[in-house]
Amino acid sequence: MVSLTLGQIAEIADARISDPPPVPDLLIDHASSLGTAGPGSISFYSHARHRAELQQTQASVVLLREPDRADCPVPALSCKDPYLGMARVLQALYPIPEVTHAVHPGALVDDSAQLEAPVRVDFGCVVGANARVGAGSVLGPHCVIGEGVTLGEGCVLHARVTLNEGVRVGDRVEFWPGVVVGSDGFGYAQQDQQWVKLVHRGGVRIGDDCEIGSNSTIDRGMLDDTVIGCGVKIDNQVQVAHNVRIGDHSAIAGNAGIAGSAKIGRYCQIGGAAGVQGHVELADGVIITGMSKANQTLTRAGAYSSGTSIQENADWLRNVARFKQLDRIVRALKQGEKT
Amino acid sequence: MVSLTLGQIAEIADARISDPPPVPDLLIDHASSLGTAGPGSISFYSHARHRAELQQTQASVVLLREPDRADCPVPALSCKDPYLGMARVLQALYPIPEVTHAVHPGALVDDSAQLEAPVRVDFGCVVGANARVGAGSVLGPHCVIGEGVTLGEGCVLHARVTLNEGVRVGDRVEFWPGVVVGSDGFGYAQQDQQWVKLVHRGGVRIGDDCEIGSNSTIDRGMLDDTVIGCGVKIDNQVQVAHNVRIGDHSAIAGNAGIAGSAKIGRYCQIGGAAGVQGHVELADGVIITGMSKANQTLTRAGAYSSGTSIQENADWLRNVARFKQLDRIVRALKQGEKT
Amino acid sequence: MVSLTLGQIAEIADARISDPPPVPDLLIDHASSLGTAGPGSISFYSHARHRAELQQTQASVVLLREPDRADCPVPALSCKDPYLGMARVLQALYPIPEVTHAVHPGALVDDSAQLEAPVRVDFGCVVGANARVGAGSVLGPHCVIGEGVTLGEGCVLHARVTLNEGVRVGDRVEFWPGVVVGSDGFGYAQQDQQWVKLVHRGGVRIGDDCEIGSNSTIDRGMLDDTVIGCGVKIDNQVQVAHNVRIGDHSAIAGNAGIAGSAKIGRYCQIGGAAGVQGHVELADGVIITGMSKANQTLTRAGAYSSGTSIQENADWLRNVARFKQLDRIVRALKQGEKT
């Protein structure tokens, strides 16, 4: 267990110790929400919706913005972005454990696979021929690593991650359970109204410092690779199709789908259950809001949306009926205007 | 195999034996649809779309509403809700098998894990340190149960369910294959346009009598828990994000997504592929229809929708073009009116 | 490694060798995209977006349409549909490997299961009682095949595919990792505002020559079977609910959902993240575009859509506000016209 002094935390969080001066030798050893915090606990305040909890918190210290200090009944650390500060503090309080070299006897590792010690390979893993796993990486139970797959240093694969042949992964990439990378893309030609499969021979390249959420899927490219840049964060149940390219530091929220050959720039944000149509290109800094459909190329940064908003079903039914005739209605009204 | 008399079935289904009086010693030992039923089979009729099949059924007995009896050529049992009656009868005909204590030698169970006999732990399971599995529970092949996870009595985990550290489950909860509970939520701060991970330390609590469908994912909370109430039914491929709270007896259909910190009341119904936006709150009894986006808090019970309805693509294209200028069109028309 | 002469490729791709006459003994042993191709490589050109790459390609030969030949600096093979031709060439260059009979000692195969040699059963597989696996089939690591499941000849199950009891699969069906077939459908009756489970006793039937993408799920029927026809292609993360029927040679793109008892005709195409509502029927040849909601039965072939298109968020917000009052606005305008 890690314990930190306020001084250490202030440095980690880029924060200033505000008065009232806290107990000088106070040690912080865990983090909690404002409402559940007790002695030894650090919490944070970054949104007005939690003001009542701030006012009654029993945390030992709270990270907050200077103007909110008046509402805080306990010692505070002021910083510009308490959410960011908290992220840094959590990383310090709960560091990633050091990896001790251990290959479970119940794992099936091909003789030609290269494991750069220390790596941990858990029960039930399958590591194929000529696969390479970098130092400090962990393969949780039942992971399946295909022939020739390469994993960089410090990667974490939680339980039953599957990386098929032809997948190359950078350093410090985290995969949550059920992720599948490198299946064939959904590509078929047609002949006599039947589907003729395109065998997929491209790979998947994933940059450094990415995170891929539970049960997400990333298909291999057809001839070229599917490419995920560095620092890309992908939530649960996201589908990334063949030959997609995602720029560095973009984030894709849960249930979103990126169709084949779409190209997403850097610093983009794709909202939950949003969709990017095949071959569409999104410029750097494009934000697609949740459940929107990016059905055309967007060349400028900014937020974009489609769809409509929630309303009572009875009202919605009437509006939807009008929508189905919208063009006709508008033309009739314009015609009426003229006459 | 279970066999039931009509009298037993009438009691189970809260139904009345209608004349024509059935064979007194008729035994029912299986259930079928109206169209495929034969001797020994019970079927049910609850929707007019199946009237033709009712009129020709060869079932030994049919559960139906009294007014439909005239259309039934075979013995009938009348009840108020034949669908509910059939649910009860199916549970009686096909009871959950008793569990015999058996830990497969090809499972990896930590010495400190507590298995309350009888439990069944199948081939390939991994049960972590200090995990607890209640009596009558079943872990199918390749389930991975993290450190300290607790499962109540009578739980069923089908093949390869993953419950990460910090997950606590009530009694009689059923998990279908590929479910992942307790991965980190999708939470990042930003610094210099890069994502800084929020380590997640909250858990997941799941109440009694829940069912979680294949490949669904439920993330742990950041500091507090993600909470699923009692009697909650979650379909396949549903994504439940960090710190979500779902009230008792709510149901969520396939492909739906509940974003972070959303709070869903009791007795809610979320339709297939619907989305609930982050931090939104839904009152008890709210129904979100399929593919709708609940992008604001809804304080009253009732049905809500967003989106539009299907129509021919050529017509739709014209209407969508108008939608993109809807505000401008309406303002122009209003202006024209004035002048 | 397979090597093919231009004559062989021309025959496979139903193409004509155009002049300039290629090197007579040229051998092609791999396929590449236009931009990365080098000696010994075949590529193809089928869309104007790749014209610049065509003009500079270093492929040994390019499959294209006759009119595009002028832009090709290297030998060309002309055909009517270069994409289809390439599909055939890829299948010839990268044939499915022959299966040698091998049951891994780390697999758990019930004594009563019938494996028609040659089949490959990999490490960690579980094959239940009375299951049948046809000749030439492959079960990748950690597949779980329930009691009585039948698989035809030449099926490929990649890693950790789960087929529950009651699933029957035809010949040459390919399942990608994480697929789950045969879980209970999402069917509940209601009593006192609580959900009463419908035990599902139907099965799942899958025809010949289907492909099911990573992490897709197909539920069993309640009393009758869920039925997938022949030649049906299902992408990643698709949800197919209980009692759905999908006609031959239909294709369903990623993240789509087909709700309970929907009936999809033959030669249909369901776009990415589209939804088909429960009990809806789609005629043969219906196309539902991406993210559209098929909320009514469609009796004629053709393309159908719902939703709106992407636009800047600020504009969208204004239009959405108008949509929420669309019926009221239209009625007011019509009223204004009259007076």
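**Figure 1. Four salt bridges link chain A and chain C.** In this predicted model, a salt bridge is a side-chain nitrogen of Lys or Arg within 4 Å of a carboxyl oxygen of Asp or Glu. One of them pairs A:Lys197 with C:Glu211, at 2.8 Å from N to O. A word on the rules: local features need pLDDT of at least 70, side-chain atom pairs count only at pLDDT 80 or more, and totals for chains, interfaces and linings use all residues. Residues are numbered from 1 along each chain as its sequence is written, chains are lettered from A and ligands numbered from 1 in the order in which they are written, and side-chain values use heavy atoms, with hydrogens and water left out.

**Figure 2. Here is the whole meeting place of chain A and chain C.** On the A side 78 residues are in contact with 65 residues of chain C, where contact means heavy atoms within 4.5 Å. About 6,000 Å² is buried between the two chains, and carbon and sulfur atoms give 59% of that. (Buried area is the accessible area, found with a 1.4 Å probe, that two parts lose on being put together, summed over both.) Look for A:Phe186, A:Trp195 and A:Arg322: they supply 12% of what chain A buries against chain C, more than any other three residues.

**Figure 3. Polar contacts criss-cross between chain A and chain C.** There are 40 residue pairs in polar contact here, both residues at pLDDT 80 or more. A polar contact is a pair of N or O atoms within 3.5 Å; within protein, one must be able to donate a hydrogen and the other to accept it, and residues adjacent in sequence count only if both atoms are side-chain atoms. Which element of chain A gives the largest share of the side that touches chain C? That is α4(A), with six residues. Sorted by type, this side of chain A has 34 nonpolar, 33 polar and eleven charged residues. (Ala, Val, Leu, Ile, Met, Phe, Trp, Tyr, Cys and Pro count as nonpolar, Asp, Glu, Lys and Arg as charged, and the others, Gly among them, as polar.)

**Figure 4. Strands from two chains pair up, β39(A) with β40(C).** The pairing is antiparallel, over two bridges; strands count as paired if DSSP finds at least two bridges between them. Helices (H or I, at least four residues) and strands (E, at least two) are DSSP runs, numbered from the N terminus. Find A:Ser305, and its bridge partner in β40(C) is C:Gln311. Chain A also offers its own β40, residues 311-312, which is joined antiparallel to β39(B) by two bridges. There A:Gln311 stands opposite B:Ser305.

**Figure 5. Turn chain B by 120° and it superposes on chain A.** The shift along the axis is 0.0 Å and the RMSD is 0.1 Å, from a least-squares fit on the C-alpha atoms of residues with pLDDT of at least 70 in both copies. That is the relation of a three-fold axis. Within chain B, the C-alpha of B:Gly307 comes closest to the rotation axis, at 3.2 Å.

**Figure 6. Two backbone oddities to spot: a cis peptide bond in chain B and a positive phi in chain A.** Most residues other than glycine have a negative phi, and most peptide bonds are trans. B:Ala117 and B:Pro118 are joined by a cis bond, with omega about -5°. B:Pro118 sits in the loop between β10 and β11 of chain B. A:Asp192 has a phi near 50°, and its place is the loop between β22 and β23 of chain A.
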